[in-house]
Amino acid sequence: MTPRLRIAIQKSGRLGEGSIGIIESAGFRVIKGANELFYRIENAPIDLLCVRDDDIPTFVEVGIADFGIVGRNVVEEHGAGALTEVMKLGFGRCDLKIAAPVGFSYAGPQSLKGLRIATSYANTLKRFLERAGVWAEIVPMRGAVEVAPRLKLAQVICDLVSTGATLEANGLAAVDTVMQSEAVLIRSPIQRDDPELTHVAESVVQRLRGVSASRGAKYVMMNAPKASLAEISRILPGAGAPTVTPLAGREDAVAVHAVCQESVFWETLEQLRAAGASAILVLPIEKMM
Ligand code: PRT
Ligand code: ZN
């Protein structure tokens, strides 16, 4: 039987869809068969191992999976050890934050001294407190951390926050950030000695890099007075040197094309217009390598 590469992904939950989405955007066709543990990739020797997110670092570490897609927060809590973070994938963004009842006076980690802090991220919090040289009592919880202060289980919590709605609904406010997180691709320290698999692994990395680079990136075109080229380059978000080409019959103006790595907002277009640009087009980019 020809060997197949394995990528561990979250079975369901917040990262499940995004993980399958990015793999499909990379041109790998996912077949969800009757087997709930494995999904097959139809057009490459790859299987997706669908598990709980907390188990992904272990599976990748011991080489049961060659790659994993998981929140950086989960890797950090597990301990990165020999795992390599290959790249950020641009979805599942959230922050691990310290939050306290509204009105709590916080002047840095020192304010946590001697308090009880409820969290599902005991290891990560412990390292944060150690770095700050602060001792506090960590109260480990599996879930519903946000109710701990109301139940007098802890004065403060350390939990993931994305919109902040959960904190607000529980009368809490974020006071500090322990770490920023998003879905990342991790790679096993155990390389399988098979040239075909090495080739497939490289293709996975290259294609995912291309997909995450092209997401959010836009191709921007416009006509612009030669005199405002410098200003226009400055306004274009995350663009390298733009391509500048002559416009037929126009001495004073040029066509400007640029790939913008960051979001292009209406405000950006207004600024470009104010700088003299006209006929501005913003196009999506499908693939990038
Ligand atoms: O079953 P399994 O163990 O696989 O899943 P799980 O329940 O442990 O994890 P899941 O699916 O909830 O989250 C998976 C990953 O999504 C996390 O490890 C993070 O990397 C990422 N992520 C992104 C989040 C959030 N945003 C998030 N908001 N994970 C959890 N939350 C929770 C948070 O814990 C809090 O309860 O959402 C609530 C806060 O959200 P807001 O929007 O109110 O701020
Ligand atoms: Zn989990």
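**Exercise 1. Backbone outliers in one loop**

Ala 144 has a relative accessible area of 44% and is therefore partly exposed. The model is a predicted one. Determine where Ala 144 lies and what sign its phi takes.

*Solution.*
Step 1. Ala 144 belongs to the loop between strand E9 (137-140) and E10.
Step 2. Its phi is positive, about 50 degrees, although Ala 144 is not a glycine.
Step 3. Most residues other than glycine have a negative phi.
Step 4. Lys 152 is also placed in the loop between E9 and E10. Lys 152 is not a glycine either, yet its phi is positive, about 60 degrees.
Step 5. The relative accessibility of Lys 152 is 67%, so this residue counts as exposed.

**Exercise 2. The buried side of helix H1**

Identify which residues of helix H1 (residues 16-25) are buried, and explain how they are arranged around the axis.

*Solution.*
Step 1. The buried residues of H1 are Gly 16, Ser 19, Ile 20, Ile 22 and Ile 23.
Step 2. These residues lie on the same side of H1, because they cover an arc of only 160 degrees around the axis.
Step 3. The general geometry of an α-helix is relevant here: with 3.6 residues a turn, residues three or four places apart point the same way.
Step 4. The cover over the buried residues of H1 includes strands E1 (5-10), E2 (30-31), E3 (38-41), E4 (46-51) and E5 (67-71), together with helix H6 (195-214).
Step 5. Just after H1, Gly 27 adopts a positive phi of about 90 degrees.

**Exercise 3. Salt bridges and their surroundings**

State how many salt bridges a search of the whole structure finds. Then describe the pairs formed by Arg 4, Glu 76 and Arg 234.

*Solution.*
Step 1. The search of the whole structure returns 14 salt bridges.
Step 2. One of them joins Arg 4 to Asp 47, with the closest N and O atoms 3.0 Å apart. This pair links distant parts of the chain, since Arg 4 is in the segment before E1 and Asp 47 in strand E4, 43 residues apart. Both Arg 4 and Asp 47 are buried.
Step 3. Glu 76 pairs with Arg 127, the closest N and O atoms being 3.4 Å apart. Distant parts of the chain are linked here too: Glu 76 is in helix H3 (residues 72-78) and Arg 127 in helix H4 (residues 122-132), 51 residues apart. Glu 76 counts as partly exposed because its relative accessibility is 30%. Arg 127 is likewise partly exposed, with a relative accessible area of 30%.
Step 4. For Arg 234 and Glu 231, the closest N and O atoms are 3.9 Å apart; the cut-off for a salt bridge is 4 Å. Both residues lie in helix H7 (residues 229-235), three residues apart, about one turn of the helix. Arg 234 counts as exposed at 63% relative accessibility, whereas Glu 231 counts as partly exposed at 37%.

**Exercise 4. The largest pocket**

Give the volume of the largest pocket, and establish which element gives the most to its lining.

*Solution.*
Step 1. The volume of the largest pocket is about 1,200 Å³.
Step 2. It is lined by 38 residues, of which Asp 53, Asn 73, Tyr 121, Asp 159 and Leu 160 are the closest to the centre.
Step 3. H3, strand E10 (156-161) and helix H5 (165-169) each contribute at least two lining residues.
Step 4. H3 gives the most to this lining, with four residues.
Step 5. Divided by class, the lining comprises 14 nonpolar, 14 polar and ten charged residues.

Terms used:
Residues numbered from 1 in each chain as written. Chains lettered and ligands numbered in written order. Predicted model: local features only at pLDDT ≥ 70, side-chain atom pairs only at ≥ 80, totals over all residues. Heavy atoms only, no water. Buried < 20%, exposed > 50% of the residue type's maximum accessible area, 1.4 Å probe, protein only. Arc of directions from axis to C-beta. Contact = heavy atoms within 4.5 Å. Salt bridge = Lys/Arg side-chain N within 4 Å of Asp/Glu carboxyl O. 1 Å grid on protein atoms, 1.4 Å probe; cavity = no way out; pocket = protein on both sides within 12 Å on 5 of 7 lines; lining within 4 Å. Points joined across faces, edges and corners; volume = space filled by probe spheres on them. Nonpolar A, V, L, I, M, F, W, Y, C, P; charged D, E, K, R; others polar.
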